[in-house]
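Me: Hello! I am new to this structure and would like to walk through it with you, one question at a time.

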Amino acid sequence: MCTGLSLTTKDGKHFFGRNLDVPASYGQSVHIIPRNFNWLNVVNGETLASKYACIGMGIVVDNHPLLFDAVNEKGLAGGGLNFTHFAKFNENAIDGKTNISASDFVYWALSNFADLNELRQALENLVLTNIPFEHELPVAGLHWMFTDLSGRSIVIENMADGMHIHENPVGVLTNDPTFDWHLTNLRQYVTLEKATPAPKQMGDLLLHPYGHGLGMCGIPGDGSPAARFVRTVFFRDSIVEANDEISGVTAFLNVLTGVTVIKGSEVDPDGSMNYTVYKSAMCQESGTYYYTDYYNRRINAVKLSNANLDSKEITSFPYQGEQDILFQN
């Protein structure tokens, strides 16, 4: 599960973020990884040095960042979402290619490239492998969404027949099936309207609509990837109050609220329950990482610009996962 989103405010700020919908928290937190940070490519044992600093949510294992979603100092942002039935990665490296673990893809991309053009060019020589950082941390079946300061976004899907790169004209990504299927499925919902329908004559009876929101009759309301994709595209296109960074964060998180998975509403055969562990919203201009937790509805923020980007160490920030209530009397 998961829903990814990009959004541009009226004053030209760009946002990327997501809902992370999984059965449990991973002990994640926000991390700032500096420039010139040395990290291990587990595929060939080489030590790589980052070109750009970035900030994102994830875990750090033995000083190795495993990022779920992040933005770098140049405004390139991206994240991985579940793609379990279709994702396929190479079992081994290929000579003459750039080979990395699929688990490192987000960090590799953001630590090396400033925009989508640079990233797309590098993808031509990239091989994503199924080699994990540790055996206890198997490579997850993911696909990825990246966006830059142009407002464009792309989707990258690595399957049995190779890597597929799609331009993303709607700025939304969910899960299985493939991204091109979701775009085709949107055609079923071209009748959705934001405006309340006009009265309609049926026989001798003039029918006036009761209530509001009837233009959305037929919008899928379940938690499936297909339904969340349609709802997120519709709500994203309905936003009217994303004027600047702060109102943009509010609008962004409100869109993601429309596809929140409530704990207990989805139960897998093994009894595990998917739920929206956190929502993130990154301003790509300011490098600010905003997030809320399932149990903490307050918006928490960490700023990349307030850190020493030439530090030698990863800076980690305590994850705010307990409810924070403002009592006014």
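Reply: Happy to help! Helices and strands here are DSSP runs numbered from the N terminus, a helix having at least four residues and a strand at least two. Please keep in mind that this is a predicted model.

Me: Thanks! In which loop is Asn36 found?
Reply: Asn36 comes after β3, which covers residues 29-33. The strand that follows is β4, residues 38-40. Asn36 is therefore found in the loop between β3 and β4.

Me: What is the phi of Asn36?
Reply: Most residues other than glycine have a negative phi. Asn36 is not a glycine, and yet its phi is positive, at about 55°.

Me: And what is the relative accessible area of Asn36?
Reply: Partly exposed is the class between 20% and 50%. Asn36 belongs to that class, because its relative accessible area is 48%.

Me: Where is Asn63, and what is its phi?
Reply: Asn63 is found in the loop between β6 (54-61) and β7 (64-72). Asn63 is partly exposed, with a relative accessible area of 40%. Its phi is positive in a residue other than glycine, with a value near 65°.

Me: Which residues does a cis peptide bond join?
Reply: Most peptide bonds are trans. Here there is a cis bond, with omega about 0°. Pro177, in the loop between β14 (172-173) and α3 (179-185), is one of the residues. The cis bond joins Asp176 and Pro177.

Me: Let us turn to helix α5. How far apart are its end C-alpha atoms?
Reply: Helix α5 has 13 residues, 245-257. At 1.5 Å a residue, the helix should span 18 Å. The model agrees with that expectation, because the end C-alpha atoms are 18 Å apart.

Me: Which residues of α5 are buried?
Reply: Buried means under 20% relative accessible area. In α5, this holds for Glu245, Ser247, Gly248, Val249, Ala251, Phe252, Leu253, Val255 and Leu256.

Me: What covers those buried residues of α5?
Reply: The cover includes a helix, α4 (225-238). It also includes the strands β1 (3-8), β2 (14-22), β17 (275-283), β18 (288-293) and β19 (296-303).

Me: How many residues lie between β18 and β19 in their hairpin?
Reply: β18 and β19 pair in the antiparallel sense over 5 bridges. Asp293 has Asn296 in β19 as its bridge partner. Between the two strands of the hairpin there are 2 residues.

Me: Now to charged side chains. Which residue, 47 residues apart from Glu167, forms a salt bridge with Glu167?
Reply: The structure holds 8 salt bridges. In one of them, the closest N and O atoms are 2.9 Å apart, and the pair is Glu167 and Arg120. The pair links distant parts of the chain, with Glu167 in strand β13 (162-167) and its partner in helix α2 (116-123). Glu167 is partly exposed at 38%, and so is, at 27%, its partner Arg120.

Me: Glu167 and Arg152 meet in a salt bridge too; how many residues apart in sequence are the parts they tie together?
Reply: The N to O distance of Glu167 and Arg152 is 2.8 Å. Glu167 lies in strand β13 and Arg152 in the loop between β11 (142-147) and β12 (153-159), so the pair ties together parts that are apart in sequence by 15 residues.

Me: Which residue meets Arg298 in a salt bridge?
Reply: Arg298 is in strand β19, and its partner is in the segment after β20 (315-317), 26 residues apart. That partner is partly exposed, with a relative accessible area of 37%. At 2.6 Å, N to O, the partner of Arg298 is Asp324.

Me: Which residues are linked in a network of salt bridges?
Reply: A salt bridge needs a side-chain nitrogen of Lys or Arg within 4 Å of a carboxyl oxygen of Asp or Glu. The network links Arg35, Glu73 and Asp310.

Me: Last one: is Ala109 buried or exposed?
Reply: Ala109 is in helix α1, residues 105-112. Leaving aside neighbours within four places in sequence, Ala109 is in contact with Leu76, Leu119 and Phe146. With a relative accessible area of 0%, Ala109 is buried.

Methods:
Residues are numbered from 1 along each chain as its sequence is written. This is a predicted model: local features need pLDDT of at least 70, side-chain atom pairs count only at pLDDT 80 or more; totals for chains, interfaces and linings use all residues. Side-chain values use heavy atoms; hydrogens and water are left out. The expected span of a helix is 1.5 Å times one less than its number of residues. Buried means under 20% relative accessible area, exposed over 50%, partly exposed in between (1.4 Å probe, protein chains only). Contact means heavy atoms within 4.5 Å. Two strands pair if DSSP finds at least two bridges between them.
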